[in-house]
Amino acid sequence: MPPAALAAPAADDEARIASRIESLIARMTLEEKAGQLTLVAAVREDEESDRDRKPGEPTAMQRQLAEIREGRIGAVFNGIGADWARKLQRAAVEESRLGIPVLISVDAIHGFHTIFPVPLAEAASWDPNLAERVARATAIEASAAGVAWNLAPNVDIARDARWGRGVEGAGEDVLLGQRFAAARVRGYQKSDGKSAADAHLSDRDAMLATPKHFAGYGAAEGGLDYNVAELSERTLREVYLPPFKAAFDAGALAVMAGFHEIGGVPMMANRQLLTHLLRDEWKFDGIVVSDYAADHELVVHGVAKNDREAVKIAFMAGVDVSMTSRLYQQYLPDLVRAGEVPMARVDEAVRRMLRVKMKLGLFDKPYERMDARRERTLNHTRQTRALAREAAQRSIVMLRNDRSLLPLGKGKQRIALIGPFASGPDHLNGPWTVFDDRRDAVSVEAGLRAALGRDAQLSVTQGSGIDSVLPGGIEAAVSAAQNADVVILAIGESEAMTGEAQSRTEVVVPPAQQALAEAIKVTGRPTVVLLRTGRALALEGAVRDADAILVTWFLAAETGNAIADVLFGDVSPSGRLPVSFPQRPGQVPIYYARKNTGRPPPPGPFQEYTARYRDISVDPLYAFGFGLSYSTVEYGKPELSTATLGPNGTLTASVMLRNIGKRAVDEVAQLYLRDRVGSVTRPLRELKNFERVKLAPGESKRVSFTLRREDLVFLGPDLKPVSEPGDYDLWIAPSSSGGIAASFELLGSAE
Ligand code: NOJ
């Protein structure tokens with residue numbers, strides 16, 4: 001196809017695609033149709049996979065290739081490498097009856113070969129453009145290995161730190177979630193944001209994005225993964241759905257349905273959401289894929305009596321493609337023959353799958369993404385490593401810096417690096433890396449040594465296990481601290497403590513490491529905590545009170561280098577929390593956009609019969625949006641272009657920022673609104689916009705945001721969008737807490 005045609009896919013392109021699809025559908029058997037709707041896991045070519053094979057029997061790989069030749073498999077995920085992918089593609093394109101290409105898919109959640117900071121960390125950058133560049137780099141590496149379909153991004157809003165999968169998303173906030181969802185989709189699908197969203201999808205370095213897990217999966221009750229999400233339709237629509245909508249608006253042509261249920265209806269059976277909302281209301285025309293064997297799980301949920309019925313329910317609810325269970329392959333043909341599933345529904349799903357394959361260019365250039373030479377040369381390039389370092393630097397959030405302990409000088413001071421995360425290749429990347437080689441990641445120790453050079457006076461002591469006391473560990477750590485001028489304490493969560501099925505009830509630093517921190521505190525040495533974590537943690541005692549705290553999440557490939565860049569002041573920290581850090585674990589779920597209640601607690605001491613805990617205030621330890629830098633930026637009072645916003649008018653809110661410190665910094669100015677009186681209760685604050693601003697020492701800059709009536713729209717009592725005249729408070733502030741308020745009035749209604 002000539003580039004001009006790619007830039008703006010015209011109606012005749014769609015017509016050509018449609019006619020190609022119809023001619024294929026006319027020739028497909030029912031088994032071949034069910035095959036197109038079947039996504040299976042790759043098998044490995046090794047002894048382990050063939051352990052039970054009898055002499056003379058085909059290997060697992062040979063069996064999978066045979067199934068592809070027979071047209072019984074439409075897509076395969078989590079295999080590795082261009083050569084492997086080519087084998088599969090050859091079987092599909094050259095050796096199957098209809099030559100329909102196979103779709104190679106992967107879970108590249110935060111990188112493919114080069115691993116970038118976990119998505120939650122990246123969201124702390126408050127820099128969607130960075131996320132787009134990272135997603136682009138991921139697509140370039142993955143697509144060279146044959147991948148055309150990414151099972152990402154995770155766009156679940158996560159407000160409960162117990163839930164382990166918060167690490168995969170962009171945190172607690174709707175707007176941040178929308179911005180990151182759209183950015184990641186654009187990056188994977190190579191959309192430039194100008195031409196049609198799928199204009200470059202057929203390029204060899206683009207891949208299909210799959211926002212997941214539709215929808216409300218992050219609201220799992222008790223923070224327990226896979227659990228029931230008890231959600232009102234309002235909260236679903238106001239909080240959990242918008243990032244999906246943003247992903248579709250950015251062009252995503254696939255979506256994954258979650259494992260969970262809402263209101264007694266497992267998502268896989270949720271016709272209301274999968275068909276009425278997605279198709280009828282939102283006009284989504286991509287594919288809906290199940291999560292891993294989630295069709296079978298309808299039996300376990302107790303809404304289907306057997307797998308056959310589960311297939312019927314899931315398929316008729318709107319799940320087009322089945323992942324790993326092979327149940328569609330097994331039961332769909334029979335269900336159609338028995339008249340229980342209409343052929344029209346099968347054709348609809350097949351049509352969607354074939355259309356996606358055509359949009360990806362697989363029919364015209366089936367091998368283009370499978371290029372072993374490109375795969376080798378594009379793996380860990382200088383540019384991707386530099387991007388990984390930049391992303392890691394920007395993800396770090398500084399929570400505390402008493403008496404300006406940081407940045408540290410590179411001079412003669414003796415540093416004791418202590419903790420289970422001080423050294424070694426483990427726990428750097430974080431969960432969800434399918435193809436990384438952890439030896440590629442730079443540890444904290446390696447990063448510090450690289451920064452300090454040969455004269456480094458650096459001692460390294462483990463001090464504690466991750467979850468267990470190390471015999472003699474504390475004594476060794478205390479003695480190392482006593483012999484040092486400053487302690488760097490690398491503590492927090494292991495890789496295994498976050499991610500799928502890794503919920504925790506106590507969202508704290510594990511007790512063995514807390515004990516280590518307490519012992520170090522007694523030495524009186526100035527201490528910097530490097531907090532490795534995939535979630536918000538309730539910081540306690542010596543960790544909470546450390547002289548400096550850097551939240552370093554799982555920063556992956558360039559961990560040590562990025563930490564050294566920030567510790568020694570080559571880079572000023574600029575990350576801001578994408579999740580509220582609780583004072584105590586018992587506060588979760590905790591999020592800034594909460595409601596006032598009828599009995600908000602007054603500031604100050606405990607007062608009976610107000611909405612507060614007996615033991616602590618309702619405030620977080622660190623608020624959403626909070627983060628320090630090596631300078632101080634003063635915010636003036638917000639100025640409004642008008643005190644009244646007309647139904648078709650605009651209002652510009654601006655604020656003067658002044659860097660009164662001695663360092664150049666990136667400040668993240670955040671615009672929050674509160675609708676004082678609504679026909680339904682509104683949150684105390686809602687993030688409406690934000691901007692990263694560079695400020696040289698002494699520099700002042702005005703930051704402006706424009707608001708229109710549309711920005712004030714919410715769902716009224718009948719769940720229809722409304723904007724209601726009345727008074728609003730507005731803040732342009734460095735976090736979700738504090739700041740100087742201004743107010744304005746929305747006039748009339750243009751409904
Ligand atoms: C289960 C996870 O929930 C989903 O996010 C992932 O894409 C699949 N497994 C495949 O690995």
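Where is the place of Pro153? Let's start there and then work through the rest of this predicted model.

**Exercise 1. Locate Pro153 and describe the peptide bond before it.**

Step one: look between strand S4 (149-150) and helix H8 (174-189), since the loop joining them holds Pro153.
Step two: check the bond between Ala152 and Pro153, which is cis, with omega at about 10°.

**Exercise 2. Find the cis peptide bond that involves Ala215, and place that residue.**

Step one: go to Phe214 and Ala215, where the joining peptide is cis and omega is about -20°.
Step two: follow the chain from strand S5 (212-214) towards helix H9 (233-240); Ala215 sits in the loop between them.

**Exercise 3. Work out what is notable about the backbone of Thr324, and where the residue lies.**

Step one: read off phi, which is near 70° for Thr324, so you have a positive value in a residue that isn't glycine.
Step two: put Thr324 in its context, the loop between strand S10 (322-323) and helix H14 (327-337).

**Exercise 4. Describe the surroundings of the ligand, from the shell down to single atoms.**

Step one: count the neighbours. There are 13 residues around the ligand, and the closest are Asp107, Arg165, Lys212, His213 and Asp291.
Step two: sort that shell by type, and you get seven nonpolar residues, one polar and five charged.
Step three: pick out the polar pairs. A side-chain N or O atom of Asp107 is 2.5 Å from a ligand oxygen. For His213, a polar side-chain atom comes 2.7 Å from an oxygen of the ligand. Asp291 also has a side-chain N or O atom 2.5 Å from a ligand oxygen.
Step four: turn to area. On its own the ligand would expose 300 Å², and the protein buries 95% of that.

**Exercise 5. Characterise the packing of helices H7 and H17.**

Step one: take the geometry. H7 (residues 128-144) and H17 (residues 382-395) pack at about 145°, with axes 11 Å apart.
Step two: assign the hand of the crossing, which is left-handed.
Step three: list who meets whom. From H7 come Leu130, Arg133, Val134, Ala137 and Glu141, and they meet Thr384, Leu387, Glu390, Ala391 and Arg394 of H17.
Step four: classify these contact residues, which split into five nonpolar, one polar and four charged.

Definitions and conventions:
Residues are numbered from 1 along each chain as its sequence is written. This is a predicted model: local features need pLDDT of at least 70, side-chain atom pairs count only at pLDDT 80 or more; totals for chains, interfaces and linings use all residues. Side-chain values use heavy atoms; hydrogens and water are left out. A residue is near a molecule or strand if one of its heavy atoms lies within 4 Å of it. A polar contact is a pair of N or O atoms within 3.5 Å; within protein, one must be able to donate a hydrogen and the other to accept it, and residues adjacent in sequence count only if both atoms are side-chain atoms. Accessible areas come from the Shrake-Rupley method with a 1.4 Å probe; for residues, only the protein chains shown count as cover. Ala, Val, Leu, Ile, Met, Phe, Trp, Tyr, Cys and Pro count as nonpolar, Asp, Glu, Lys and Arg as charged, and the others, Gly among them, as polar. Axes are lines fitted to C-alpha atoms, for helices over the stretch in contact, and angles run from 0 to 180 degrees between N-to-C directions. Helices (H or I, at least four residues) and strands (E, at least two) are DSSP runs, numbered from the N terminus. A crossing is left-handed if the near helix is turned anticlockwise from the far one by less than a right angle, and right-handed if clockwise. Contact means heavy atoms within 4.5 Å.
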